[in-house]
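Work through the exercises below with the structure open beside you. Try each task before you read its solution.

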Amino acid sequence: MNAPRHLTLRERIYEEIVRMIVSGELPSGTPLDEKALTEKLQVSRTPFREALGTLAKEGLIEIKPYRGFYVRSFSRKEVEDLYELRKTLECFAVQLAVPNMSDRHIAAFERILDDAVTALQSGDLATYGARDRVFHETIAELSGNAALIETLNRLALQIQIGRTIANESKDFAQRAARERDDILAAFRARDIARASALMAAHITDVQRAVLERFRSEEAK
């Protein structure tokens, strides 16, 4: 077994900023206080800015000339577009993945969803969201399509922000857990058409929950 790879300083800063963004500690539109963050992380300015440069390329950070770094704000149209693209890609992933699913894979999905439900019941939405992410990533991996996997990986952080926003609603999280159970039942039956249709409906539900957050903020 290979030894775990040690992260560079820039990578560790990157991981910590991502954690703060997807957890909501650094909400969308928030300016990044470089001095406060470098002190909190106990790092120098150079690797910090290198990490932000990577996040800017990935679409999570905006660099505003003469104003500094900001957590990216997504417009309603950008959210709609992101989730329409995600729906197309993930339904395609399901169509490719289902024929590759063995009983062992189905059992692994069951464990992932059992962990997610346990976390949800205990109010641990961070763990719930993490297991949800693994569920979708595993489907992509089973598609066996390298280009599709790479594309979904590039969108992963933006999708994770949306997932975090949606999961703030416990009602939505409980509904989403039931939706994934239905998807799992279609996997067991190896019903490609039903699994794809259920995935499309699930992602539409996530999109609706995120857009509802936009409407709530606009009404304030």
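The exercises go from the whole chain to helix packing, ring pairs and one single residue. The model is predicted.

**Exercise 1. The whole chain**

Task: State how many helices and strands the chain has, and give their pattern along the sequence.

Solution:
- Step 1. Count the elements: there are nine helices and two strands.
- Step 2. Read them along the sequence: the pattern is α-α-α-β-β-α-α-α-α-α-α.
- Step 3. Add the burial: 43% of the 220 residues of the chain count as buried.
- Step 4. Add the contacts. Take those with a separation of 6 or more; residues 24 or more positions apart account for 74% of them.

**Exercise 2. Helices α1 and α3**

Task: Describe how α1 and α3 are placed relative to each other, and list the residues in contact.

Solution:
- Step 1. Know what to look for. Two packed helices are described by the angle between their axes and the distance between the axes.
- Step 2. Locate the helices: α1 covers residues 9-22 and α3 covers residues 45-57.
- Step 3. Read the values: the axes come within 8 Å and cross at roughly 60°.
- Step 4. Classify the angle. Roughly perpendicular starts at 65 degrees and roughly parallel ends under 35, so α1 and α3 are oblique to each other.
- Step 5. Give the hand: the crossing is right-handed.
- Step 6. List the contact. From α1 come Leu9, Arg10, Ile13, Tyr14, Ile17 and Val18. From α3 come Pro47, Phe48, Glu50, Ala51, Leu52, Thr54 and Leu55.
- Step 7. Sort these residues: 10 are nonpolar, one is polar and two are charged.

**Exercise 3. Helices α5 and α6**

Task: Classify the packing of α5 against α6, and state its hand.

Solution:
- Step 1. Read the values: the angle is about 160° and the axes are 7 Å apart.
- Step 2. Apply the cut-off. Angles over 145 degrees count as roughly antiparallel, so α5 is roughly antiparallel to α6.
- Step 3. Give the hand: this crossing is left-handed.
- Step 4. Look at the contact. The α5 side includes His105, Phe109 and Asp115. The α6 side includes Arg131, Phe135 and Leu142.
- Step 5. Sort the residues of the contact: 12 nonpolar, three polar and two charged.

**Exercise 4. A cluster of rings**

Task: Classify the ring pairs that Phe187 forms with Phe109 and with Phe135.

Solution:
- Step 1. Recall the two values needed. A pair of aromatic rings is described by the distance of the centres and the angle of the planes.
- Step 2. Take Phe109 and Phe187: the centres are 5.4 Å apart and the planes are at 50°, a tilted pair.
- Step 3. Place this pair: Phe109 is in α5 (residues 103-121) and Phe187 is in α8 (residues 170-188), 78 residues apart.
- Step 4. Take Phe135 and Phe187: the centres are 6.4 Å apart and the planes are at 25°, so the pair is stacked.
- Step 5. Place this pair: Phe135 is in α6 (residues 125-143), 52 residues from Phe187.
- Step 6. Join them: ring pairs link Phe109, Phe135 and Phe187 into a cluster.
- Step 7. Check burial. Phe109 has a relative accessible area of 0% and is buried. Phe135 and Phe187 are buried too.

**Exercise 5. One residue in α4**

Task: Is Glu80 buried, partly exposed or exposed?

Solution:
- Step 1. Find Glu80 in α4, residues 76-97.
- Step 2. Read its relative accessible area of 30%. Buried means under 20% and exposed means over 50%, so Glu80 is partly exposed.
- Step 3. Look across the chain: Glu80 touches Gln207 and Leu211, leaving out residues up to four places away in sequence.

Technical notes. Residues numbered from 1 in each chain as written. Predicted model: local features only at pLDDT ≥ 70, side-chain atom pairs only at ≥ 80, totals over all residues. Heavy atoms only, no water. Axes fitted to C-alpha atoms, helices over the stretch in contact; angles between N-to-C directions. Helix = DSSP H or I, 4+ residues; strand = E, 2+ residues; numbered from the N terminus. Parallel < 35°, antiparallel > 145°, perpendicular 65-115°, else oblique. Left-handed = near helix turned anticlockwise from the far one by under 90°. Contact = heavy atoms within 4.5 Å. Nonpolar A, V, L, I, M, F, W, Y, C, P; charged D, E, K, R; others polar. Phe/Tyr/Trp six-rings, centres within 6.5 Å; stacked < 30°, edge-to-face > 60°. Buried < 20%, exposed > 50% of the residue type's maximum accessible area, 1.4 Å probe, protein only.
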